[in-house]
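The following exercises concern one protein chain. Each task is followed by a solution worked step by step.

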Amino acid sequence: MTTSMPATPFADPASAQRLERAAAALTAHGFTVEILDDAAAARTRVRELIPEGASVFTGASETLRLSGIDEDINGSGRYASVKARSTTMDRATQLADIWRMVACPDVIVGSVAAVTETGSLVAASASGSQLAGYSGAAAHAIWIVGAQKVVPDLDTALRRLEDHCLPLENERAMQVYGQPSAVNRLLILNAEPHPGRGTVLLLREAIGF
């Protein structure tokens, strides 16, 4: 007789012990990790981490939108917003310049689909716009990660991406762009080889997809 396993509750925040395990593993892999109480604390910390006037690109992220971090970066005038500047450029004649700006800002800020207790970050994208910066092209990367995104291992992370994140992102993309999303590009960050480049703000609360 085969017993089916219950679905992983991908929307439930991880326990304090699991957050600590993930933080310890990420730290061992070269990431700088801070465990913060909530999105408000992350919003304050992001302001502290990014120098005024820095060029900053924000990946599409419900975590950034809901926390107010997206507006802080792209609407405050405090930073040189890559996203704001790119909207004034001609995509027919300046597309290569836009991609260079997006790939190599001073700071890239975003989130991920999952973080594993073994110390990996998993990100996916339909366009790939944020992945070059995430993987190393940006001088500094900051990821804000809700507690519900912590999973035991990479297999579970990929299931979370396909079974939980993609349907929600499809719904968002249809509302915003009028077309569905897709996992066209997948990035797994197993370690950060440059100390101080990658910062993970791991929250005790759930936020985003």
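Contact here means that heavy atoms lie within 4.5 Å of each other. The structure is a predicted model.

**Exercise 1. Describe the surroundings of Thr63: where does it lie, is it buried or exposed, and which residues distant in sequence are in contact with it?**

Step 1. Locate the residue: Thr63 belongs to helix α3, which covers residues 62–67.

Step 2. Assess its accessibility. A residue counts as buried under 20% relative accessible area. Thr63 has a relative accessible area of 1%, and is therefore buried.

Step 3. List the contacts, leaving aside neighbours within four places in sequence. Thr63 is then in contact with Ser111, Ile144, Lys149, Ile207 and Gly208.

**Exercise 2. Characterise strand β7: which strands pair with it, and how are its side chains placed?**

Step 1. Consider the pairing with β4 (residues 107–110). This strand and β7 pair in the parallel sense over four bridges, and Val107 stands opposite His140 in β7.

Step 2. Consider the pairing with β10 (residues 198–203). Here too the sense is parallel, with five bridges between β7 and β10; the bridge partner of Ala141 in β10 is Gly198.

Step 3. Sort the side chains. In a regular strand, side chains alternate between the two faces of the sheet. In β7, His140, Ile142 and Ile144 point one way, while Ala141, Trp143 and Val145 point the other way.

Step 4. Draw the conclusion on burial. Six of the six residues of β7 (residues 140–145) are buried, so the strand is largely enclosed by the rest of the structure.

**Exercise 3. Establish the strand order of the open sheet of four strands, and state which are its edge strands.**

Step 1. Read the order: β8-β5-β6-β9, with mixed pairing.

Step 2. Identify the edges. Strands β8 (150–151) and β9 (185–189) each pair on one side only, and are the edge strands.

Step 3. Examine one pair within the sheet. β5 (residues 114–116) and β6 (residues 121–125) pair in the antiparallel sense over two bridges. Ala114 stands opposite Val122 in β6.

**Exercise 4. Analyse the largest pocket: how much space lies in it, and what lines it?**

Step 1. State the volume: about 1,000 Å³ of space lies in the largest pocket.

Step 2. Find the residues at its centre. The lining comprises 41 residues, of which Ala60, Ser125, Gln130, Glu169 and Arg172 are the closest to the centre.

Step 3. Assign the lining to elements. At least two residues each come from β2 (55–58), α3, α5 (82–86), α6 (95–103), β6 and α8 (154–176). The most come from α8, with six residues.

Step 4. Classify the lining residues: 21 are nonpolar, 14 polar and six charged.

Step 5. Turn to α6, one of these contributors. Its buried residues are Ile98, Met101, Val102 and Ala103, and their cover includes β2, α5 and α7 (131–137).

**Exercise 5. Compare the radius of gyration of the chain with that of a compact globule.**

Step 1. Count the elements: the protein chain has eight helices and 10 strands.

Step 2. Apply the globule rule. For 209 residues, a compact globule would have a radius of gyration near 17 Å; the chain has 17 Å, and the two therefore agree.

Step 3. Add the extents of the C-alpha trace, about 60 × 35 × 30 Å along the principal axes.

Step 4. Complete the description. Buried residues make up 47% of the 209 residues. Among contacts between residues at least 6 apart in sequence, 81% join residues at least 24 apart.

Notes: Residues are numbered from 1 along each chain as its sequence is written. This is a predicted model: local features need pLDDT of at least 70, side-chain atom pairs count only at pLDDT 80 or more; totals for chains, interfaces and linings use all residues. Side-chain values use heavy atoms; hydrogens and water are left out. Buried means under 20% relative accessible area, exposed over 50%, partly exposed in between (1.4 Å probe, protein chains only). Two strands pair if DSSP finds at least two bridges between them. On a 1 Å grid over the protein atoms alone, a cavity is a set of points where a 1.4 Å probe fits but cannot get out, and a pocket is an open set with protein on both sides within 12 Å along at least five of seven lines; lining residues have an atom within 4 Å of a point. Grid points are joined across faces, edges and corners, and a volume is the space filled by probe spheres set on the points. Ala, Val, Leu, Ile, Met, Phe, Trp, Tyr, Cys and Pro count as nonpolar, Asp, Glu, Lys and Arg as charged, and the others, Gly among them, as polar. The radius of gyration is taken over C-alpha atoms; the globule rule is 2.2 Å times the number of residues to the power 0.38.
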